[in-house]
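Grab a coffee and open the viewer: here are a few exercises to work through, each with its solution.

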Amino acid sequence: MNYRSMTADPSVKTQKLKPGTIKRIASFAKPYRVAIYVFLFTVVIDAFLIVATPLLLRKLLDDGVIPKNGPLVTQLALAVGLIALADALMSIIGRYFSSRIGEGLIFDLRSQVYAHVQKQSIAFFTRTQTGALISRINSDVIGAQQAFTSSLSGVVSNVVSLTLVTVTMLILSWQITILSLVLLPLFLIPTKWVGRKLQSLTRESFGLNAEMSSTMNERFNVSGAMLVALYGSPKRELDYFSSRARKVADIGISMAMLNRIFFIALTSVAAVATAFAYGIGGHLAITGAITVGTLLAITSLLARLYGPLTALSNVRIDVMTALVSFERVFEVLDLEPMVQDRTGAHVLLDKDLEVNFHNVSFSYPNADEISLASLESAARPETIPSGVVLKNISFTAPAGTMTALVGPSGAGKTTISALLPRLYDVTYGSITLNGNDIRDLTLESLRGSMGVVMQDAHLFHASIFENLRYAKDDATPAEMERACRSAQIWDLIAALPNGLDTMVGERGHRLSGGEKQRLAIARLLLKSPAIVILDEATAHLDSENESLVHQALKEALKGRTSIVIAHRLSTVMEADQILVVEKGKIVERGTHEELVQLGGLYAELYARQDLSASAN
């Protein structure tokens, strides 16, 4: 666990916009250009209506109230009411199109990021913090859409409003307008300082929230909760989380105080400006230089002058924050998957598949090849490469036969099995299926031809039905029942009150280890793959469950090419060939009888397990 202090995400603080970013952002807006035009139209009309109301009130007072012109007062009052209704209508229309643009962009960006992340190699997920990645799909996508809603509308609305208000005030009384603008520096200097301070605090808050999200994601799943319960210290966990939560709370207090101070400063300066306007304007009205209606119109417009100035003084910060959010999303989209289809890759159609490893060597990729530093903030830099994990691995697994991989832990057995479905790509050499290099096959058809059962079978937090259907979308209940019967799990499912609709819990923790394994085998049978990969599928089962799982596995392996990794040699004694792997190399190969007679590593491992079994 890393308890270091977390500051704002450096990928946001130091990032500068790359060339072409604006053009790329514009491409996302292209499908919404009509909606954007309508939205901006409503924003501009709304800005004109802001100026129209004070001018009508001026006319109402000067030409209606003071001369006691009742009909004109009625007409102008109705006009003011109609403008208010028109303003409300423009606001509703603008909000509708704004939400369409914003939600559409969120949908597009999230869908693209989700689809792209799904294409990443397993290596990407071994390094990436889940919470940081989720933050990209949630917080940064929302920040990006604000570039087209809040930021865009704010800039257009404030520029138009500021221009119209200033021009109108100058026409009505240049003296009062200039006096009001003299006070402007007193207002803009603290505004810019507060804006920068709020931006810094917001970013730090985002960074801390991302770390808390990662922490909760790790601790609040069943496995994490069990680890904390068995090894963790509740006080240490609480102290760690509370320290981050306390910082977020302190930042929230600071932001609230800054906002309040800023609001008070804004209203105070506006009040002083209004007081000056009333004082100077009052004397001008007494002398007849301006009318009383003009004075009221100017003071009313003055209240609408400082709002746009406030927003525009920080417009660069607001726009850059939104654009940086776009860049953070683009950063994920630009990370090329380490494993992907080659140009011209073809579909694997064969059903009976022979597997060939040809002088395969493999080294795990470096961090910069598979992940983003900003998505693994808790990771320490790894300066030493993994080195060669597999060295010149060559073997043939004929169609319909079982090949077993045995050897000490860390020898490279699981890595060999991971290369076959291209969870990683080989560094040197090649792997072929019926003579086809697997890199020339589409990933979908390659992985569609394989079924895998791991040591810890993963199940989604859904029903048994949904977990089974994940292997075959159109599976019928009858097909599921057949698969479950073959996997020796149907009697259990049928005895459950909700049958196939029973929820398995997060990661299947409502089921025992043996039940999960048999359900995973049923899922595999439903998929009906040509190649089966078993990675320690019975390693931690009791004798009763192991017997049931073995019966299920016999059905799963029948007529299929299989690669079986096992520590319990008794489970692979009937394999057509056994490959003994040590330190990334195949050091022995043959049948069980041949390897026992050879008297090498396999014979030693077998004798050791035989003695252990006898002792028990």
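**Exercise 1. Check the annotated membrane segments against the fold.**
Find how much of residues 152-172 is helix and how far apart the end C-alpha atoms lie, then do the same for residues 261-280.

*Solution.* Keep in mind that this is a predicted model.
- Step 1: Residues 152-172 are 100% helix and 0% strand, with 30 Å between the end C-alpha atoms.
- Step 2: Residues 261-280 also come out as 100% helix and 0% strand, and here the end C-alpha atoms are 28 Å apart.
- Step 3: Now look at the record. The unreviewed UniProt entry lists both stretches under "transmembrane region", together with 34-56, 76-97, 178-195 and 286-306.

**Exercise 2. Work out how α3 packs against α12.**
Are α3 and α12 roughly parallel or antiparallel, and which residues meet?

*Solution.*
- Step 1: Take the axes of α3 (residues 33-65) and α12 (residues 292-303): they come within 8 Å and cross at roughly 160°.
- Step 2: That angle makes the two helices roughly antiparallel, since anything over 145 degrees counts that way.
- Step 3: As for handedness, α3 and α12 cross in the right-handed sense.
- Step 4: List who touches whom. On the α3 side you'll find Val51, Pro54, Arg58, Leu61 and Asp62; α12 brings Val292, Gly293, Thr294, Leu296, Ala297, Ser300 and Leu301.
- Step 5: Sort the residues of this contact by type, and you get seven nonpolar, three polar and two charged.

**Exercise 3. Repeat the analysis for α3 and α4.**
What is the handedness of the crossing of α3 and α4, and how do the contact residues divide?

*Solution.*
- Step 1: The axes of α3 and α4 (residues 70-118) come within 9 Å, crossing at roughly 165°.
- Step 2: This pair is therefore roughly antiparallel too.
- Step 3: The crossing of α3 with α4 is left-handed.
- Step 4: The contact residues fall into 23 nonpolar, five polar and four charged.

**Exercise 4. Build the four-stranded sheet.**
In what order do the strands of the four-stranded open sheet lie, and which strands stand at the edges?

*Solution.* A quick reminder: strands in a sheet pair through backbone hydrogen bonds, parallel or antiparallel.
- Step 1: Start with β1 (residues 355-363) and β2 (residues 388-397), an antiparallel pair with six bridges. Asn356 has Thr396 in β2 as its bridge partner.
- Step 2: β1 also pairs with β4 (residues 428-433), again antiparallel, over five bridges. Here Val355 sits opposite Leu433, and Phe357 opposite Ile431.
- Step 3: Put it together: the order is β2-β1-β4-β5, with antiparallel pairing.
- Step 4: β2 and β5 (436-437) each have a single partner strand, so they're the edges, and one side of each lacks a neighbour in the sheet.

**Exercise 5. Now try the six-stranded sheet.**
Which strands stand at the edges of the six-stranded open sheet, and which helix lies across β6 and β7?

*Solution.*
- Step 1: The strand order is β6-β7-β8-β3-β9-β10, and the pairing is mixed.
- Step 2: β6 (450-453) and β10 (585-590) are the edge strands, because each has a single partner, so one side of each has no neighbour in the sheet.
- Step 3: From one strand to the next, the twist averages 15°.
- Step 4: Zoom in on one end. β9 (residues 577-582) runs antiparallel to β10, joined by five bridges, and Glu582 stands opposite Lys585 in β10.
- Step 5: At β6 and β7 (531-535), helix α21 (residues 513-527) lies across the two strands, running at about 180° to β6.

Key: Residues numbered from 1 in each chain as written. Predicted model: local features only at pLDDT ≥ 70, side-chain atom pairs only at ≥ 80, totals over all residues. Heavy atoms only, no water. UniProt positions renumbered as here; feature names shortened; annotations may be inferred. Axes fitted to C-alpha atoms, helices over the stretch in contact; angles between N-to-C directions. Parallel < 35°, antiparallel > 145°, perpendicular 65-115°, else oblique. Left-handed = near helix turned anticlockwise from the far one by under 90°. Contact = heavy atoms within 4.5 Å. Nonpolar A, V, L, I, M, F, W, Y, C, P; charged D, E, K, R; others polar. Pairing = 2+ DSSP bridges.
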